[in-house]
Amino acid sequence: MKYEIVNLRDHPELKETAAAWFHAKWGIPLEVYLDSIEQCITGRSPVPQWYTSMADGRIIGGLGVIENDFHNRKDLAPNVCAVYVEEDCRRRGIAGRLLNHACRDMAEQGTGTLYLLTDHTSFYERYGWEFFCMALGDGESAPSRMYRRRTEGGKSYD
């Protein structure tokens with residue numbers, strides 16, 4: 001499958017499509033995605049950033065980098081969020097390429113460490129992420145795993 005990774009800051013024409021896609025996957029209000037992607041496009045700071053994988057004009061995967069991904073550890077920032085790959089496109093390395101691309105891009109913008117909150121185990125380790133601590137998601141009764149990835153030098157784990 002041929003696909004490309006797109007930095008949404010370079011493709012403002014995808015703003016509405018991408019916001020609707022992320023909203024459909026995660027149920028966060030559409031306006032939240034529209035506002036965050038607009039902030040990414042205007043480029044006032046390195047965060048937020050949004051990335052998609054595109055194949056034949058279709059979004060097949062995506063993720064964002066935001067200050068806080070709805071958890072109690074506000075000191076651990078910025079956070080990778082909304083990692084998703086369409087079911088028919090999984091097990092092809094798309095999520096890994098998206099993660100590595102975001103890490104390289106954030107390193108180029110001066111961000112040395114990224115964090116990620118998830119219930120998954122072992123998936124992120126294969127892309128250079130390390131377990132850091134447990135953190136409580138907003139509205140959750142049990143903590144989830146917080147991972148960390150140092151991005152200095154844009155090191156790739158492809």
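This briefing describes the sheet, the helices packed on it and the largest pocket of the structure above. The model is predicted, and its strands include an open sheet of 7 strands with mixed pairing. The largest pocket holds about 1,200 Å³ of space, and strand 4 gives the largest share of its lining.

**The sheet as a whole**

- The 7 strands of the open sheet follow the order 1-2-3-4-5-7-6, and the twist from one strand to the next averages 30°.
- Strand 1 (4–7) and strand 6 (130–135) stand at the edges with a single partner strand each, so one side of each of these strands is left without a neighbour in the sheet.

**Strands 2, 3 and 4**

- Strand 2 and strand 3 run antiparallel and are joined by 7 bridges, with Trp-50 having Gly-64 in strand 3 as its bridge partner.
- These two strands, strand 2 and strand 3, form a hairpin with 2 residues between them, and in the turn Asp-56 has a positive phi of about 50°.
- Strand 3 also pairs with strand 4 in the antiparallel sense, over 5 bridges, and here Ile-66 stands opposite Asn-79 in strand 4.
- Of the 9 residues of strand 3, 8 are buried, so strand 3 is largely enclosed by the rest of the structure.

**Strands 5 and 7**

- Strand 5 and strand 7 (residues 144–150) pair over 6 bridges in the antiparallel sense.
- Tyr-115 stands opposite Arg-148, a residue of strand 7.

**Helices against the sheet**

- Helix 2 lies across strand 2 (49–55), strand 3 (58–66) and strand 4, and runs at about 100° to strand 2.
- Helix 3 packs on the sheet and touches strand 1, strand 2, strand 3, strand 4, strand 5 and strand 7, while its direction makes about 140° with that of strand 2.

**The largest pocket**

- The lining of the largest pocket comprises 41 residues, and those that lie nearest its centre are Trp-26, Ala-82, Val-83, His-120 and Tyr-124.
- Two or more residues of this lining come from each of helix 2 (30–42), strand 4 (79–85), helix 3 (94–108) and strand 5 (113–118), and the largest share, 6 residues, is that of strand 4.
- Sorted by class, the lining of the largest pocket has 23 nonpolar residues, 9 polar residues and 9 charged residues.
- Strand 4 therefore has a place in two parts of this description, since strand 4 pairs with strand 3 in the sheet and also gives residues to the lining of the largest pocket.

Notes: Residues numbered from 1 in each chain as written. Predicted model: local features only at pLDDT ≥ 70, side-chain atom pairs only at ≥ 80, totals over all residues. Heavy atoms only, no water. 1 Å grid on protein atoms, 1.4 Å probe; cavity = no way out; pocket = protein on both sides within 12 Å on 5 of 7 lines; lining within 4 Å. Points joined across faces, edges and corners; volume = space filled by probe spheres on them. Helix = DSSP H or I, 4+ residues; strand = E, 2+ residues; numbered from the N terminus. Nonpolar A, V, L, I, M, F, W, Y, C, P; charged D, E, K, R; others polar. Pairing = 2+ DSSP bridges. Axes fitted to C-alpha atoms, helices over the stretch in contact; angles between N-to-C directions. Contact = heavy atoms within 4.5 Å. Buried < 20%, exposed > 50% of the residue type's maximum accessible area, 1.4 Å probe, protein only.
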